[in-house]
Amino acid sequence: MNPLITTILLTGLGLGTTITFASSHWLLAWVGLEINTLAIIPLMAQRHHPRAIEATTKYFLAQTAAAAMFLFAGTTNAWITGEWDIQQMTHPLPTTMITLALALKIGLAPLHSWLPEVLQGLELTTGLILSTWQKLAPLIILLQIQPTNTNLLIILGLLSTLIGGWAGLNQTQLRKILAYSSIAHLGWMTLVLPFSPSLTFLTLILYLIMTLSIFLMFKLNNATNINTLATSWTKTPIIISLSPLILLSLGGLPPLSGFMPKWLILNELTKQEMGTLATMAALSALLSLYFYLRLSYAMALTMFPHNHTTSAPWRFTHSQLSLPLATSTALSIFLLPLTPPTIVLLSL
(Lines give C-alpha, C1' and ligand atoms only; values in the text may rest on other atoms or scores of the structure.)
Protein backbone atom coordinates (compact mmCIF):
# COMPACT_ATOMS: atom_id res chain seq x y z
CA MET A 1 0.00 0.00 0.00
CA ASN A 2 1.14 3.53 -0.75
CA PRO A 3 2.84 5.07 2.35
CA LEU A 4 0.72 8.22 2.03
CA ILE A 5 -2.51 6.19 2.06
CA THR A 6 -1.26 4.15 5.01
CA THR A 7 -0.45 7.34 6.90
CA ILE A 8 -3.93 8.75 6.21
CA LEU A 9 -5.60 5.52 7.41
CA LEU A 10 -3.50 5.35 10.58
CA THR A 11 -4.29 9.01 11.24
CA GLY A 12 -7.97 8.16 10.83
CA LEU A 13 -7.59 5.38 13.39
CA GLY A 14 -6.06 7.79 15.88
CA LEU A 15 -8.63 10.49 15.12
CA GLY A 16 -11.62 8.17 15.59
CA THR A 17 -10.33 6.89 18.93
CA THR A 18 -9.49 10.42 20.11
CA ILE A 19 -12.97 11.69 19.20
CA THR A 20 -14.55 8.89 21.22
CA PHE A 21 -12.21 9.58 24.16
CA ALA A 22 -13.12 13.27 24.21
CA SER A 23 -16.86 12.96 23.59
CA SER A 24 -19.63 13.26 26.16
CA HIS A 25 -22.40 13.12 23.52
CA TRP A 26 -23.72 9.81 22.22
CA LEU A 27 -23.79 10.93 18.60
CA LEU A 28 -20.19 12.17 18.72
CA ALA A 29 -19.02 8.92 20.35
CA TRP A 30 -20.77 6.98 17.58
CA VAL A 31 -19.06 9.12 14.92
CA GLY A 32 -15.65 8.40 16.49
CA LEU A 33 -16.30 4.66 16.49
CA GLU A 34 -17.40 4.75 12.85
CA ILE A 35 -14.31 6.70 11.75
CA ASN A 36 -12.24 4.11 13.56
CA THR A 37 -13.98 1.22 11.80
CA LEU A 38 -13.83 2.78 8.34
CA ALA A 39 -10.11 3.53 8.75
CA ILE A 40 -9.11 -0.04 9.61
CA ILE A 41 -11.14 -1.80 6.90
CA PRO A 42 -8.76 -0.85 4.02
CA LEU A 43 -5.81 -1.92 6.18
CA MET A 44 -7.43 -5.31 6.70
CA ALA A 45 -8.17 -5.78 2.99
CA GLN A 46 -4.80 -4.57 1.67
CA ARG A 47 -3.59 -8.15 1.19
CA HIS A 48 -5.45 -9.23 -1.96
CA HIS A 49 -6.33 -12.70 -0.80
CA PRO A 50 -9.81 -14.30 -0.48
CA ARG A 51 -9.19 -15.09 3.20
CA ALA A 52 -8.36 -11.45 3.97
CA ILE A 53 -11.43 -10.21 2.07
CA GLU A 54 -13.61 -12.72 3.93
CA ALA A 55 -12.20 -11.59 7.29
CA THR A 56 -12.75 -7.93 6.36
CA THR A 57 -16.36 -8.63 5.35
CA LYS A 58 -17.07 -10.47 8.61
CA TYR A 59 -15.55 -7.64 10.60
CA PHE A 60 -17.54 -5.03 8.69
CA LEU A 61 -20.83 -6.87 9.26
CA ALA A 62 -20.17 -7.38 12.99
CA GLN A 63 -19.16 -3.74 13.50
CA THR A 64 -22.13 -2.50 11.46
CA ALA A 65 -24.55 -4.48 13.64
CA ALA A 66 -22.87 -3.16 16.79
CA ALA A 67 -22.91 0.43 15.51
CA ALA A 68 -26.61 0.20 14.59
CA MET A 69 -27.46 -1.13 18.06
CA PHE A 70 -25.23 1.56 19.61
CA LEU A 71 -27.02 4.37 17.76
CA PHE A 72 -30.43 2.90 18.49
CA ALA A 73 -29.61 2.67 22.21
CA GLY A 74 -28.42 6.28 22.28
CA THR A 75 -31.58 7.42 20.50
CA THR A 76 -33.76 5.38 22.89
CA ASN A 77 -32.02 6.93 25.89
CA ALA A 78 -32.55 10.42 24.46
CA TRP A 79 -36.23 9.62 23.88
CA ILE A 80 -36.68 8.36 27.46
CA THR A 81 -34.56 10.86 29.41
CA GLY A 82 -34.37 13.81 27.00
CA GLU A 83 -30.55 13.79 27.28
CA TRP A 84 -27.78 12.87 24.80
CA ASP A 85 -25.10 13.01 27.49
CA ILE A 86 -23.25 9.72 28.04
CA GLN A 87 -23.31 10.27 31.81
CA GLN A 88 -27.14 10.39 31.76
CA MET A 89 -27.51 6.72 30.82
CA THR A 90 -29.81 5.71 33.69
CA HIS A 91 -32.64 3.66 32.16
CA PRO A 92 -31.99 -0.13 32.13
CA LEU A 93 -33.22 -0.73 28.55
CA PRO A 94 -30.77 1.55 26.66
CA THR A 95 -28.03 0.69 29.14
CA THR A 96 -28.38 -3.02 28.38
CA MET A 97 -28.45 -2.39 24.63
CA ILE A 98 -25.39 -0.17 24.70
CA THR A 99 -23.46 -2.68 26.82
CA LEU A 100 -24.26 -5.51 24.42
CA ALA A 101 -23.34 -3.33 21.44
CA LEU A 102 -19.95 -2.52 22.97
CA ALA A 103 -19.47 -6.20 23.90
CA LEU A 104 -20.03 -7.09 20.24
CA LYS A 105 -17.56 -4.41 19.16
CA ILE A 106 -14.70 -5.70 21.33
CA GLY A 107 -15.59 -9.40 21.11
CA LEU A 108 -16.83 -10.30 24.60
CA ALA A 109 -18.50 -13.69 24.96
CA PRO A 110 -21.14 -14.75 23.98
CA LEU A 111 -20.79 -12.18 21.15
CA HIS A 112 -17.24 -13.24 20.37
CA SER A 113 -17.55 -15.68 17.48
CA TRP A 114 -16.46 -13.18 14.80
CA LEU A 115 -13.12 -12.32 16.46
CA PRO A 116 -11.14 -15.60 15.98
CA GLU A 117 -12.30 -15.96 12.36
CA VAL A 118 -11.45 -12.35 11.52
CA LEU A 119 -8.05 -12.45 13.20
CA GLN A 120 -7.18 -15.70 11.42
CA GLY A 121 -7.56 -14.02 8.03
CA LEU A 122 -5.36 -11.01 8.79
CA GLU A 123 -1.64 -10.33 8.73
CA LEU A 124 0.03 -10.18 12.12
CA THR A 125 0.53 -6.40 11.98
CA THR A 126 -3.15 -5.71 11.26
CA GLY A 127 -4.12 -8.36 13.80
CA LEU A 128 -2.05 -6.50 16.39
CA ILE A 129 -4.00 -3.30 15.70
CA LEU A 130 -7.28 -5.18 15.93
CA SER A 131 -6.30 -6.84 19.23
CA THR A 132 -5.01 -3.69 20.92
CA TRP A 133 -5.92 -0.26 19.53
CA GLN A 134 -9.45 -1.21 18.44
CA LYS A 135 -10.34 -2.19 22.01
CA LEU A 136 -9.60 1.22 23.51
CA ALA A 137 -12.59 3.32 22.40
CA PRO A 138 -15.36 0.84 23.34
CA LEU A 139 -13.71 0.19 26.72
CA ILE A 140 -13.60 3.92 27.45
CA ILE A 141 -17.36 4.14 26.85
CA LEU A 142 -17.91 1.10 29.08
CA LEU A 143 -15.91 2.85 31.79
CA GLN A 144 -18.29 5.81 31.62
CA ILE A 145 -21.55 3.83 31.85
CA GLN A 146 -20.39 0.93 34.07
CA PRO A 147 -22.09 1.85 37.41
CA THR A 148 -25.56 1.07 36.05
CA ASN A 149 -25.22 -2.50 34.75
CA THR A 150 -23.12 -4.45 37.24
CA ASN A 151 -24.78 -7.86 36.85
CA LEU A 152 -24.60 -7.81 33.05
CA LEU A 153 -20.90 -6.89 33.11
CA ILE A 154 -20.16 -9.70 35.58
CA ILE A 155 -21.97 -12.23 33.38
CA LEU A 156 -20.16 -11.05 30.23
CA GLY A 157 -16.81 -11.06 32.02
CA LEU A 158 -17.20 -14.53 33.50
CA LEU A 159 -18.40 -16.02 30.20
CA SER A 160 -15.47 -14.42 28.39
CA THR A 161 -12.88 -15.79 30.79
CA LEU A 162 -14.37 -19.29 30.61
CA ILE A 163 -14.96 -19.40 26.85
CA GLY A 164 -11.65 -17.66 26.07
CA GLY A 165 -9.80 -20.35 28.00
CA TRP A 166 -11.89 -23.33 26.97
CA ALA A 167 -12.13 -22.62 23.23
CA GLY A 168 -8.40 -21.98 22.90
CA LEU A 169 -7.42 -25.45 24.10
CA ASN A 170 -7.86 -27.23 20.78
CA GLN A 171 -6.43 -24.56 18.45
CA THR A 172 -3.31 -24.96 16.32
CA GLN A 173 -3.38 -21.58 14.55
CA LEU A 174 -1.50 -18.91 16.49
CA ARG A 175 -3.80 -16.07 15.49
CA LYS A 176 -6.86 -17.93 16.76
CA ILE A 177 -5.05 -18.69 20.01
CA LEU A 178 -4.25 -15.00 20.39
CA ALA A 179 -7.89 -14.15 19.64
CA TYR A 180 -9.15 -16.41 22.44
CA SER A 181 -6.41 -15.00 24.69
CA SER A 182 -7.78 -11.53 23.92
CA ILE A 183 -11.32 -12.66 24.78
CA ALA A 184 -10.15 -14.10 28.12
CA HIS A 185 -8.19 -10.96 29.07
CA LEU A 186 -11.11 -8.71 28.15
CA GLY A 187 -13.24 -10.92 30.40
CA TRP A 188 -10.92 -10.20 33.33
CA MET A 189 -11.13 -6.47 32.63
CA THR A 190 -14.93 -6.56 32.42
CA LEU A 191 -15.20 -8.67 35.55
CA VAL A 192 -13.59 -6.05 37.79
CA LEU A 193 -14.94 -3.02 35.88
CA PRO A 194 -17.98 -2.38 38.16
CA PHE A 195 -15.83 -2.44 41.32
CA SER A 196 -12.50 -0.86 40.33
CA PRO A 197 -12.24 0.97 36.97
CA SER A 198 -8.63 1.93 37.72
CA LEU A 199 -7.76 -1.76 38.05
CA THR A 200 -9.39 -2.39 34.68
CA PHE A 201 -7.20 0.35 33.22
CA LEU A 202 -4.07 -1.23 34.73
CA THR A 203 -5.01 -4.63 33.32
CA LEU A 204 -5.57 -3.06 29.91
CA ILE A 205 -2.12 -1.44 29.90
CA LEU A 206 -0.35 -4.68 30.81
CA TYR A 207 -2.44 -6.61 28.26
CA LEU A 208 -1.39 -4.14 25.54
CA ILE A 209 2.29 -4.52 26.45
CA MET A 210 2.22 -8.34 26.53
CA THR A 211 0.16 -8.64 23.35
CA LEU A 212 2.53 -6.27 21.54
CA SER A 213 5.46 -8.46 22.58
CA ILE A 214 3.94 -11.73 21.42
CA PHE A 215 2.70 -10.35 18.09
CA LEU A 216 6.10 -8.81 17.31
CA MET A 217 7.80 -12.06 18.23
CA PHE A 218 5.56 -14.10 15.91
CA LYS A 219 6.04 -11.54 13.16
CA LEU A 220 9.82 -11.69 13.56
CA ASN A 221 9.72 -15.46 13.06
CA ASN A 222 6.93 -15.36 10.45
CA ALA A 223 5.04 -17.94 12.53
CA THR A 224 1.35 -18.60 11.94
CA ASN A 225 0.82 -22.07 13.47
CA ILE A 226 2.29 -24.22 16.22
CA ASN A 227 4.33 -26.39 13.84
CA THR A 228 6.32 -23.42 12.54
CA LEU A 229 7.32 -22.51 16.10
CA ALA A 230 9.58 -25.58 16.18
CA THR A 231 11.79 -23.99 13.51
CA SER A 232 12.05 -20.67 15.33
CA TRP A 233 14.86 -21.79 17.63
CA THR A 234 17.40 -21.96 14.80
CA LYS A 235 16.47 -18.49 13.51
CA THR A 236 16.26 -16.34 16.64
CA PRO A 237 17.48 -18.31 19.66
CA ILE A 238 17.62 -15.38 22.11
CA ILE A 239 14.10 -14.19 21.35
CA ILE A 240 12.73 -17.73 21.51
CA SER A 241 14.39 -18.32 24.87
CA LEU A 242 12.50 -15.28 26.23
CA SER A 243 9.20 -16.05 24.48
CA PRO A 244 8.01 -18.68 27.01
CA LEU A 245 8.37 -16.01 29.71
CA ILE A 246 6.11 -13.66 27.72
CA LEU A 247 3.54 -16.43 27.22
CA LEU A 248 3.60 -17.42 30.89
CA SER A 249 3.23 -13.74 31.78
CA LEU A 250 0.10 -13.66 29.60
CA GLY A 251 -1.09 -16.68 31.57
CA GLY A 252 -0.59 -14.81 34.85
CA LEU A 253 2.16 -16.93 36.36
CA PRO A 254 4.34 -15.41 39.12
CA PRO A 255 6.91 -13.85 39.31
CA LEU A 256 6.10 -12.28 35.90
CA SER A 257 4.26 -9.03 35.14
CA GLY A 258 1.00 -10.71 34.10
CA PHE A 259 0.52 -12.06 37.62
CA MET A 260 -0.04 -8.54 39.03
CA PRO A 261 -3.43 -7.70 37.44
CA LYS A 262 -4.89 -11.17 38.04
CA TRP A 263 -3.78 -11.10 41.66
CA LEU A 264 -5.25 -7.64 42.23
CA ILE A 265 -8.51 -8.57 40.46
CA LEU A 266 -8.95 -11.71 42.60
CA ASN A 267 -8.15 -9.63 45.67
CA GLU A 268 -10.79 -7.04 44.69
CA LEU A 269 -13.43 -9.70 44.00
CA THR A 270 -12.71 -11.27 47.39
CA LYS A 271 -13.12 -7.85 49.07
CA GLN A 272 -16.53 -7.56 47.39
CA GLU A 273 -17.52 -10.91 49.00
CA MET A 274 -17.59 -12.69 45.65
CA GLY A 275 -15.45 -15.69 46.53
CA THR A 276 -17.25 -18.03 44.15
CA LEU A 277 -16.76 -15.64 41.24
CA ALA A 278 -13.06 -15.23 42.11
CA THR A 279 -12.65 -19.02 42.25
CA MET A 280 -14.25 -19.52 38.83
CA ALA A 281 -12.07 -16.77 37.34
CA ALA A 282 -8.93 -18.34 38.81
CA LEU A 283 -9.88 -21.76 37.43
CA SER A 284 -10.52 -20.25 33.99
CA ALA A 285 -6.98 -18.81 34.10
CA LEU A 286 -5.69 -22.40 34.32
CA LEU A 287 -7.38 -23.16 30.99
CA SER A 288 -5.58 -20.28 29.34
CA LEU A 289 -2.32 -21.28 31.00
CA TYR A 290 -2.54 -24.69 29.33
CA PHE A 291 -2.36 -23.39 25.77
CA TYR A 292 0.34 -20.87 26.71
CA LEU A 293 2.37 -23.80 28.06
CA ARG A 294 1.63 -25.67 24.85
CA LEU A 295 3.13 -22.86 22.78
CA SER A 296 6.11 -22.64 25.15
CA TYR A 297 6.71 -26.36 24.74
CA ALA A 298 6.56 -26.10 20.96
CA MET A 299 9.11 -23.29 20.92
CA ALA A 300 11.59 -24.22 23.61
CA LEU A 301 11.37 -27.98 24.15
CA THR A 302 10.99 -29.43 20.66
CA MET A 303 13.54 -29.69 17.88
CA PHE A 304 12.69 -29.47 14.20
CA PRO A 305 13.23 -32.92 12.54
CA HIS A 306 16.36 -33.02 10.40
CA ASN A 307 15.67 -35.54 7.68
CA HIS A 308 15.37 -35.61 3.90
CA THR A 309 11.62 -35.09 3.75
CA THR A 310 11.58 -31.81 5.66
CA SER A 311 13.50 -28.59 5.39
CA ALA A 312 13.79 -25.54 7.57
CA PRO A 313 12.86 -22.13 6.12
CA TRP A 314 15.53 -19.74 4.91
CA ARG A 315 16.99 -17.23 7.32
CA PHE A 316 16.31 -13.87 5.75
CA THR A 317 17.53 -10.55 7.07
CA HIS A 318 14.78 -9.00 9.20
CA SER A 319 13.69 -5.41 8.62
CA GLN A 320 11.66 -5.26 11.84
CA LEU A 321 12.95 -2.87 14.49
CA SER A 322 14.19 -4.70 17.56
CA LEU A 323 13.79 -1.84 20.07
CA PRO A 324 9.95 -2.08 20.43
CA LEU A 325 10.18 -5.85 20.90
CA ALA A 326 13.01 -5.54 23.43
CA THR A 327 11.19 -2.84 25.40
CA SER A 328 7.83 -4.62 25.49
CA THR A 329 9.49 -7.93 26.37
CA ALA A 330 11.30 -6.38 29.33
CA LEU A 331 8.07 -4.76 30.55
CA SER A 332 6.14 -8.03 30.10
CA ILE A 333 8.55 -9.88 32.37
CA PHE A 334 9.91 -7.49 35.01
CA LEU A 335 7.03 -5.25 36.16
CA LEU A 336 5.87 -7.33 39.15
CA PRO A 337 8.14 -5.51 41.70
CA LEU A 338 6.17 -2.34 40.92
CA THR A 339 3.04 -3.85 42.51
CA PRO A 340 3.27 -1.96 45.87
CA PRO A 341 3.40 1.54 44.30
CA THR A 342 0.67 0.42 41.89
CA ILE A 343 -1.59 -0.53 44.79
CA VAL A 344 -0.93 2.89 46.36
CA LEU A 345 -1.86 4.64 43.10
CA LEU A 346 -5.05 2.57 42.76
CA SER A 347 -6.11 3.49 46.29
CA LEU A 348 -5.77 7.25 45.65
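1. A helix axis here is a line fitted to C-alpha atoms over the stretch in contact, and angles run from 0 to 180 degrees between N-to-C directions. With that in hand, and bearing in mind that this is a predicted model, have a look at helix H13 (residues 237–251) and helix H15 (residues 275–300): their axes come within 8 Å and cross at roughly 175°. Angles over 145 degrees count as roughly antiparallel, so H13 and H15 are roughly antiparallel to each other.

2. Who touches whom in that pair? On the H13 side you'll find Ile240, Ser243, Pro244, Leu247, Leu248, Leu250 and Gly251, and they meet Ala285, Leu289, Tyr292, Leu293, Leu295, Ser296, Met299 and Ala300 of H15. Sorted by type, the contact of H13 with H15 has twelve nonpolar residues, three polar and no charged.

3. Now try helix H9 (residues 174–192) with helix H10 (residues 197–221). Their axes lie 9 Å apart, and the packing angle is about 170°. H9 and H10 are therefore roughly antiparallel to each other. H9 brings Leu174, Leu178, Ser182, His185, Met189 and Val192 to the contact, while H10 brings Leu199, Thr200, Thr203, Leu204, Tyr207, Ile214, Phe215 and Phe218. Between H9 and H10, the contact residues split into ten nonpolar, four polar and no charged.

4. Helix H1 (residues 3–22) passes a quick length check. Its 20 residues, at 1.5 Å a residue, should span 28 Å, and the end C-alpha atoms are indeed 28 Å apart, so the two agree.

5. Which residues of H1 are buried? They are Leu9, Gly12, Leu13, Gly16, Thr17 and Thr20. These cover an arc of only 120° around the axis, which means that they sit on the same side of H1. Helix H2 (26–44), helix H6 (124–131) and helix H7 (136–145) are among what covers them. Turn H1 around, and the face away from the buried side carries the exposed residues Pro3, Leu4, Ile8 and Ala22.

6. One single residue to click on is glutamine 63, which you'll find in helix H3 (residues 50–81). Is glutamine 63 buried or exposed? Its relative accessible area is 3%, and buried means under 20%, so glutamine 63 is buried. Setting aside neighbours within four places in sequence, glutamine 63 is in contact with Thr37, Leu104, Lys105 and Trp114. As for leucine 162, that residue is 99 residues from glutamine 63 in sequence and 24 Å from it in space, C-alpha to C-alpha.

Terms used
Residues are numbered from 1 along each chain as its sequence is written. This is a predicted model: local features need pLDDT of at least 70, side-chain atom pairs count only at pLDDT 80 or more; totals for chains, interfaces and linings use all residues. Side-chain values use heavy atoms; hydrogens and water are left out. Helices (H or I, at least four residues) and strands (E, at least two) are DSSP runs, numbered from the N terminus. Angles under 35 degrees count as roughly parallel, over 145 as roughly antiparallel, 65 to 115 as roughly perpendicular and the rest as oblique. Contact means heavy atoms within 4.5 Å. Ala, Val, Leu, Ile, Met, Phe, Trp, Tyr, Cys and Pro count as nonpolar, Asp, Glu, Lys and Arg as charged, and the others, Gly among them, as polar. The expected span of a helix is 1.5 Å times one less than its number of residues. Buried means under 20% relative accessible area, exposed over 50%, partly exposed in between (1.4 Å probe, protein chains only). The arc is that of the directions from the helix axis to the C-beta atoms.
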